[in-house]
Amino acid sequence: MGCTTILVGKKASYDGSPLVARNEDSSNGEWNPKKIIVVPPADQPRSYTSVIGHLTIELPDDPMRYTAAPNAIPDQGIWGAAGINAANVAMSATETLTTNERVLGADPFVGYRPASGREGAPDYIPEKIGGIGEEDMLTIVLPYIRTAREGVLRLGALLEEHGTYEMNGIAFSDSDEIWWLETVGGHHWIAKRVPDDQYVTMPNQLGIDSFDLDDALGEGREHLASPDLAQFIYENHLNLSLGDTFNPRDAFGSHSDSDHVYNTARAWNMQRVLNPHAENWDGPSPEHTWASDDLPWGRVPERKLTIEDVKYVLSLHYQGTVYDPYSSIGTEEQRHLLRPIGINRHSQLSILQVRPYKPESSRAIQWVAFASNPFNTLVPIFTNVERTPEYLANTTERVSTDSLYWSSRIIAALADAHFNDIIPEIERYQEKTLAAGHALVTQTDNRLSQAALVEVPEDGALREQLADANDDIAEFVRVETDALLGKVLFDASNLMANRFSRSDF
């Protein structure tokens, strides 16, 4: 699964909130319609069985309410993707990562294998249950954690017990900090606290580039890991670092030719936008290029980063370079050489914001967008609610403009072929709806403060007011999206290849 993640520490963000954001992308040639829902404790399974791994896990009997962005068509499982629970802990799962043969030889993936032959026959091979994966992680972790660190430890324990069939990166945040966990082979994992003054860029490639094993296996202040990680590294000769600093990217990751055009180029694009003056990006001898294997995992930005900055970098398609598929300055080969961040197969984007300066009852917001990011907008949703707006929650397999997901996908498909003609309309729509979203959040905060409905997270009246606010912004976005769809359809129709200037009248 192709995804792109950015993590922003609290001192690097515009309002002091840790920000976790990820594009959830489908595989090439398939689409995964998404919706945003609330999962109440009564709907949370106590015995969970995965579709891909066929693994059954008994879950605790005390789940919290949480938001999620599951697949609208559940034939391949839940795929909860991103959400915030009632304790204001956020989780994004997952960023698919790469690894290497040495790691997989030392700790193979735990994949599902169906039974073979007739039971009782000499050649019968019984079913082999698989481990956990992206399909499962949000559902079996988020309802049970009260801090970001707890999220790391719970998921780590599940990985050690059940194993996994894929390499993944998972983000956890609360109002104070962000932790990033990367799986290593079938049963091992590492996790690092994102520095408060930095942002982290994560394409589909194992990313952590420095790690303190003594801290991880000792006090665990900034690093955590599988208890036997040091022994695992030593016995399998995985440490490739020449100095004293252990580099997990070298030990556990990959640096293939395909990484350069698919993965590292995305990190390069984000970092050159957010730190344009940090180095010579475009000169004859740049410090880093789109093929550099040593792009830093985290950087201190040149200014504090906003929700709009996060949305922009997760919509990038190499603007201003010869690699932009919508530009005319490069060759045809250059324009399609590198995998854009803002790609056609986005399923959903969630920016998870847990605001430390607001009461716990209205602290958390999940900013949501659907389909291809260069053409869509964000909708802020308060997460301490019992329901989400129908416009965001009613996605079905049937294509319909009654859902934001399908409306966004239709707009993107129509606008893509006429990008330079239609993008001004898209940009006006994005500015108008994002401004309305910020205004609604502020108005809701003020209204709750004046009504003194701020200190009791489980107050039913408060949760209903937050749900009503979500309905209001969703309805505003629906009206604006319908209007944009009409404009884009009109413009795209007038720009069709079979147009002819002469009319009958």
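These legends accompany an overview and several close-up views of a predicted model.

**Figure 1. The whole chain, before we zoom in.**
Welcome to the predicted model of a protein chain with 13 helices and 17 strands. Along the principal axes, its C-alpha atoms fill a box of roughly 80 × 60 × 55 Å. How does the radius of gyration fit a compact globule? For 505 residues, such a globule would have a value near 23 Å, and the protein chain has 23 Å, so the two agree. Of these 505 residues, 58% count as buried. The fold also brings together residues from far along the sequence: among contacts between residues at least 6 apart, 70% join residues at least 24 apart.

**Figure 2. The surface and the charges of the chain.**
The accessible surface comes to about 20600 Å². What share of that surface belongs to carbon and sulfur atoms? The answer is 51%. The protein chain carries 41 positive and 74 negative charges, and the mean positions of these two groups are 4 Å apart.

**Figure 3. Asp215 and the residues around it.**
Look for helix α4, which covers residues 213-216 and includes Asp215. Is Asp215 buried or exposed? With a relative accessibility of 4%, Asp215 is buried, because buried means under 20%. Its side chain reaches the backbone nitrogen of Glu222 at 2.8 Å. Glu222 also appears among the contacts of Asp215, together with Gly220, Arg221 and His223, once neighbours within four places in sequence are left aside.

**Figure 4. Glu480 in helix α13.**
Now follow helix α13, residues 460-494, until you come to Glu480. This glutamate counts as buried, because its relative accessibility is 17% and the cut-off is under 20%. Which residues does Glu480 touch, not counting those up to four places away in sequence? They are Tyr429, Lys432 and Thr433.

**Figure 5. Glu431 in helix α12.**
Here is a glutamate in another setting: Glu431 is found in helix α12, residues 419-450. Glu431 is exposed, because its relative accessible area is 61% and exposed means over 50%. How far apart in space are Glu431 and Gln443? From C-alpha to C-alpha the separation is 18 Å, while in sequence they are 12 residues apart.

**Figure 6. Ala81 and its backbone angle.**
Strand β7 spans residues 81-84, and Ala81 has its place there. Take a moment to look at its backbone: Ala81 has a positive phi of about 70 degrees although it is not a glycine. Ala81 also counts as buried, because its relative accessibility is 1%.

**Figure 7. Asn88 in a loop between two strands.**
Moving along the chain, you will find Asn88 in the loop that lies between β7 and β8. What is the phi of Asn88? It is positive, about 60 degrees, although Asn88 is not a glycine. With a relative accessible area of 8%, Asn88 is buried.

**Figure 8. The peptide bond from Ala93 to Thr94.**
Finish the tour in strand β8, residues 90-96, where Thr94 lies. Is the peptide bond from Ala93 to Thr94 cis or trans? This bond is cis, and its omega is near 15 degrees.

Terms used:
Residues numbered from 1 in each chain as written. Heavy atoms only, no water. Helix = DSSP H or I, 4+ residues; strand = E, 2+ residues; numbered from the N terminus. Rg over C-alpha atoms; globule rule 2.2 N^0.38 Å. Buried < 20%, exposed > 50% of the residue type's maximum accessible area, 1.4 Å probe, protein only. Contact = heavy atoms within 4.5 Å. Areas by Shrake-Rupley, 256 points an atom, 1.4 Å probe, with all protein chains shown as cover. Lys, Arg positive; Asp, Glu negative; His and termini not counted. Charge placed at Lys NZ, Arg CZ, Asp CG, Glu CD. Polar contact = N/O pair within 3.5 Å; in protein donor to acceptor, adjacent residues only side chain to side chain.
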